[in-house]
Amino acid sequence: MPELPEVETIKRDLEGTVLGRKILGVAINNPAVIRQPGPTQFAAGLRNAVIKRILRRAKVLILELSNGKALTVHLKMTGQLVYPGNGKTSRVSFRLSGNNTLDFNDQRLFAELRLLDDWRELKFIKELGPEPFDLTIRSFKKLLSGRKTRIKPLLMDQTFIAGIGNLYAAEILFRAKINPERSAVSLAEAEKTLLFKEIVAVLDEAIKCGGSSIDDYVRVSGKRGDYSRKHKVYGRQGKPCMACKTVIKKIAMGGRGTCFCPRCQK
DNA sequence: AATGGGACCTGCGCGC
DNA sequence: TGCGCGCAGGTCCCAT
């Protein structure tokens with residue numbers, strides 16, 4: 001569930017808490033989340049490294065280290081980074097200078113931690129589409145041109161545009177008044193323009209709110225994100241549309257639940 | 001190229 | 001009360 005706004009929020013939280021700290025030791029309570037390299041090398045490669053810079057690409061957090069390596073974190077659905085942590089309930093705990101622990105939690109073990117020599121060479125990152133905030137209306141329209149696929153799965157396709165997941169795709173399409181089953185090529189120029197504006201607006205507002213806390217997502221401090229209160233369609237199936245009172249529908253698209261207003265979204 | 005389905009996981013809420 | 005089931009969704013992988 002953490003999407004671009006949640007990961008960006010965590011990135012900024014980490015900049016205010018762990019940036020500049022040294023990793024004194026790593027406790028691995030469940031090695032399943034460490035995808036690369038093996039747990040022993042992972043822990044050894046992090047020891048005594050200083051966190052020099054923190055970046056986000058799509059939904060991936062990147063912690064650049066003083067030893068030239070980078071720790072990448074993909075939270076997938078239930079990953080959390082908590083500081084200061086308790087070191088007990090975590091999958092992995094990083095003991096930091098300053099006598100506190102950064103805890104990595106992940107109920108479902110989908111998340112992925114990696115220690116890489118060059119994060120830019122990670123296949124997933126190399127194949128990513130552009131960041132939404134780097135696009136202009138013109139470049140967005142160019143991306144869309146010739147795409148016959150349905151607009152909602154396309155927005156969630158990380159090789160098309162980076163960082164949008166199921167929740168924000170639904171919210172963006174509601175605000176752009178576009179039915180999620182429309183094909184990209186069927187969109188009129190004005191619809192493409194509005195869609196782009198709403199992508200930027202929704203993501204921007206969500207970042208300002210610290211993201212959406214639905215399931216497990218929390219900020220680094222453990223605080224919840226406030227954007228959930230602003231959701232117009234996500235999780236509102238069966239309830240009246242906030243704009244027209246029509247019942248919000250939920251359908252399956254590409255195996256994912258998709259909420260929309262059948263009257264507002266044409 | 002587009003689409004669907006299953007896999008990975010675990011906890012929760014539902015119906016019975 | 002307890003049990004089994006479906007569902008939640010980011011990404012990969014396979015089949016059509």
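## An unusual loop

Pro 84 sits in the loop that links strand 6 (79-82) to strand 7 (92-96). Helices (H or I, at least four residues) and strands (E, at least two) are DSSP runs, numbered from the N terminus. Tyr 83 and Pro 84 are joined by a cis peptide bond, with omega at about -10°.

Before we go on, a word on the model: it is predicted, so local features need pLDDT of at least 70 and side-chain atom pairs count only at pLDDT 80 or more, while totals for chains, interfaces and linings use all residues. Residues are numbered from 1 along each chain as its sequence is written, chains are lettered from A and ligands numbered from 1 in the order in which they are written, and side-chain values use heavy atoms, with hydrogens and water left out.

## Two more backbone features

Most peptide bonds are trans, and most residues other than glycine have a negative phi. Another cis peptide bond is found between Gln 36 and Pro 37, where omega is about -15°. Pro 37 belongs to the loop between strand 2 (34-36) and helix 2 (39-46).

Leu 109 is not a glycine, yet its phi is positive, at about 60°. Look for Leu 109 in the loop between strand 8 (100-106) and strand 9 (112-116).

## Meeting DNA strand B

Leu 109 also appears among the residues around DNA strand B, together with Gln 107, Arg 108, Phe 110, Arg 147, Lys 148, Thr 149, Arg 150 and Arg 256. Here a residue is near a strand if one of its heavy atoms lies within 4 Å of it. This surface has 2 nonpolar, 2 polar and 5 charged residues. In this sorting, Ala, Val, Leu, Ile, Met, Phe, Trp, Tyr, Cys and Pro count as nonpolar, Asp, Glu, Lys and Arg as charged, and the others, Gly among them, as polar.

Which parts of the strand come within 4 Å of the protein? Sugar or phosphate supplies 62% of those atoms, and bases the rest. A side-chain N or O atom of Arg 108 lies 2.5 Å from a base oxygen of DNA strand B. Phosphate oxygens of this strand are found 2.6 Å from a side-chain N or O atom of Arg 150 and 3.0 Å from a backbone N or O atom of Lys 148.

## Meeting DNA strand C

DNA strand C is surrounded by 17 residues, the closest being His 74, Met 77, Arg 108, Phe 110 and Lys 250. By class, they are 6 nonpolar, 5 polar and 6 charged. Of the strand's atoms within 4 Å of the protein, 53% belong to sugar or phosphate and the rest to bases.

Phosphate oxygens of DNA strand C lie 2.4 Å from a polar side-chain atom of His 74, 2.9 Å from a side-chain N or O atom of Tyr 234 and 3.1 Å from one of Lys 59.

## Helices around helix 7

The axes of helix 6 (residues 166-175) and helix 7 (residues 189-208) come within 9 Å and cross at roughly 130°. Axes are lines fitted to C-alpha atoms, for helices over the stretch in contact, and angles run from 0 to 180 degrees between N-to-C directions. The residues of this contact divide into 10 nonpolar, no polar and 4 charged.

Helix 1 (residues 4-15) packs against helix 7 at an angle of about 40°, with the axes 9 Å apart.

How values were computed: A polar contact is a pair of N or O atoms within 3.5 Å; within protein, one must be able to donate a hydrogen and the other to accept it, and residues adjacent in sequence count only if both atoms are side-chain atoms.
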